[in-house]
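This report describes how parts of one protein chain pack together. Look at the sequence and the structure before reading on.

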Amino acid sequence: MSKVELFENERASGYDQFVETWIPNYHAFLDQLPNLLRTAVSQDLLLVGCGTGNEIERLVDQRQVWNITGVDPSPEMIKQVEEKFEGYDNVMLIEGLVSDLDVKKHYGAATLLLVLHFLEDNGDKVALLQEIGKRLLSGAPLILLDITGNKEQVKENLAILRLLLHDGIAVEHVDQRLHRIANELLYVPEERLIQLCEDAGFERPVRFFQSTIYMGWMIRKK
């Protein structure tokens, strides 16, 4: 993989506040994870790009006891998760990439939230999906959330996102952030995302969520 996006310093320490501010309905999406993962084919979960552990927080105290493996390349993000879930025997955290995980270990479900738009569509996106697929049992669901759309769709939805941001953010900061999303992040159109998933060995994705530029998908390993 040619590029790995690391969250360090302020990007790591301020991540939770950032996603709450810039992703409308982010917590509503996470709150549905326990229900979405009812279709897992085993109790072993793989959370790719686990960040500060927001997904883990929704899953550790459920009646369903999950064996959770969270993987993230950022040392500072992993450190935050370790502090949050110290003492949880069913949470294993790994600083690294999916490709670092034992390929003989298979999981009953996985999540991939807000990761793909950092990867080039030069083989890196499909490679990550393939690495996840190698570690999933047949029929296992992958829950995916990412920026999705063509240039015009993203531009139109960014105009709506601007309306949903709270008034306390400086206009200059809003302009800079929306410009970065539109011009620097590596999102793909919906049709391309579907093709990437199918090329990686998954069934055709089902979109079940959208909040401005962010779309959520249920994808199953063939």
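In which sense do β1 and β4 pair, and over how many bridges? The model shown is predicted, and in this model β1 and β4 pair in the parallel sense over four bridges. Strand β1 has a second partner, β2 (residues 67-72), and that pairing is parallel over five bridges. The table lists the two pairings with one bridge partner of L47 in each.

| Strand pair | Sense and bridges | Residue opposite L47 |
|---|---|---|
| β1 and β2 | parallel, five bridges | G70 in β2 |
| β1 and β4 | parallel, four bridges | T111 in β4 |

Between β1 and β2 the chain runs through helix α5 (residues 54-59), and this β-α-β crossover is right-handed.

**Strand β1**

Is β1 mostly covered or mostly open? The strand is mostly covered, with five of its five residues buried. In a regular strand the side chains alternate between the two faces of the sheet. Here D44, L46 and V48 point one way, while L45 and L47 point the other way.

**Before the strand**

V41 sits in the loop between α4 (33-36) and β1. Why does V41 count as partly exposed? The reason is its relative accessibility of 42%, because partly exposed covers values between the buried limit of 20% and the exposed limit of 50%. Leaving out residues up to four places away in sequence, V41 touches G108, L137, S138, G139 and A140. P24 is 17 residues from V41 along the chain, and the C-alpha atoms of these two are separated by 30 Å.

**Helix α7**

Helix α7 (residues 124-134) has the buried residues D124, K125, V126, L128, L129, I132 and G133. Which elements cover them? The cover includes the strands β1 (44-48), β4 (109-113) and β5 (141-147), together with α10 (190-199).

**The cores**

In soluble globular proteins, nonpolar side chains tend to be buried together. The largest nonpolar core of this model holds 44 residues. F29, L45, I56, L59, I68 and L158 have the most contacts inside this core. Helix α9 (residues 171-183) gives the most to the core, with four residues. L158 is in contact with L178, I181, A182 and I213, leaving aside its neighbours within four places in sequence. Another core, of 29 residues, lies apart from the largest one; among its members are L136, V188, L196 and A200.

Notes: Residues numbered from 1 in each chain as written. Predicted model: local features only at pLDDT ≥ 70, side-chain atom pairs only at ≥ 80, totals over all residues. Heavy atoms only, no water. Core = buried A, V, L, I, M, F, W, Y, C linked by side-chain atoms within 4.5 Å. Buried < 20%, exposed > 50% of the residue type's maximum accessible area, 1.4 Å probe, protein only. Helix = DSSP H or I, 4+ residues; strand = E, 2+ residues; numbered from the N terminus. Contact = heavy atoms within 4.5 Å. Pairing = 2+ DSSP bridges. Right-handed = clockwise from strand over helix to strand, strands pointing away.
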